[in-house]
Amino acid sequence: MDIFFKYVTIMILRGFTGMMETQKERLYQEEKTGEMHITINTSGLVGKILVCILSFLMVLIVGCDSIYSGFQQEEEPNDSYETATEFQMSEGSWTGAVTTRDDKDYFKVYLAGEFTYRFRLTNLQNDLTLMLYNDSPEVVESSTNSELLDENISVDVAATDSYYLLVEVSSTLDTTDTYFGKYILYQSRE
Ligand SMILES: [Ca+2]
Ligand SMILES: [Ca+2]
């Protein structure tokens, strides 16, 4: 039994010495060639936790705002019918931000007769509402869901005309917030 333990101890020491020799050899080679290698050992638990934290931070930094990128955008000032941001398309999407309680975002859209149009206000960061006005302008439809719920409007258009969409802070929202966040507005037709 003693011989067995001596054998195991020698093997462990040889393994350890071998590791040290490999490390020394690597350092010698690096010194000789002037190269410096920085490696992160991801096999250990600490390494894995570090990678998880870094990945999570990357998602927070890059991911959160990227859902609003790549769209057409509102053009301020657009707080009235006269200054509305215009979009002329059958289907599409765009983004905007309600930056103050008084910020009203008007969009002028041209809708073709005998189609059903759907508008969806989504990815809200605060309680916003969506209104659709005709060219008069009179309210055609409104969507005033609470909190961060999407706003949806569907309308059967009888005759081709221009319409206005309005995104604004919910009139019933009781808050001290001064910024009301971004949104994405989708238009589709069938
Ligand atoms: Ca705005
Ligand atoms: Ca505005």
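Two strands are taken to pair if DSSP finds at least two bridges between them. In the predicted model described here, the secondary structure of the protein comes to 2 helices and 10 strands, and along the sequence these elements follow the pattern α-α-β-β-β-β-β-β-β-β-β-β.

One open sheet consists of 5 strands in the order β2-β4-β9-β6-β7, with mixed pairing. Its edges are occupied by β2 (85-87) and β7 (139-143), each of which has a single partner strand, so one side of each is left without a neighbour in the sheet. Direction ignored, neighbouring strands of this sheet are turned by 20° against each other on average. Within the sheet, strand β4 (residues 105-111) pairs with strand β9 (residues 161-169) in the antiparallel sense over 7 bridges, and Lys108 stands opposite Tyr164 in β9.

A further open sheet, also of 5 strands and with mixed pairing, has the order β1-β3-β10-β5-β8. Here β1 (72-73) and β8 (151-157) stand at the edges, and because each has a single partner strand, one side of each is left without a neighbour in the sheet. The pairing of β1 with strand β3 (residues 92-97) is parallel and extends over 2 bridges; Gln72 has Trp94 as its bridge partner in β3.

With regard to the protein as a whole, buried residues make up 16% of its 190 residues. Among contacts between residues at least 6 apart in sequence, 67% join residues that are at least 24 apart.

Conventions:
Residues are numbered from 1 along each chain as its sequence is written. Chains are lettered from A and ligands numbered from 1 in the order in which they are written. This is a predicted model: local features need pLDDT of at least 70, side-chain atom pairs count only at pLDDT 80 or more; totals for chains, interfaces and linings use all residues. Helices (H or I, at least four residues) and strands (E, at least two) are DSSP runs, numbered from the N terminus. Axes are lines fitted to C-alpha atoms, for helices over the stretch in contact, and angles run from 0 to 180 degrees between N-to-C directions. A residue is buried if 20 or more other C-beta atoms lie within 10 Å of its own, exposed if 12 or fewer, and partly exposed in between; C-beta atoms are placed from the backbone. Two residues are in contact if their C-beta atoms, placed from the backbone, lie within 7 Å.
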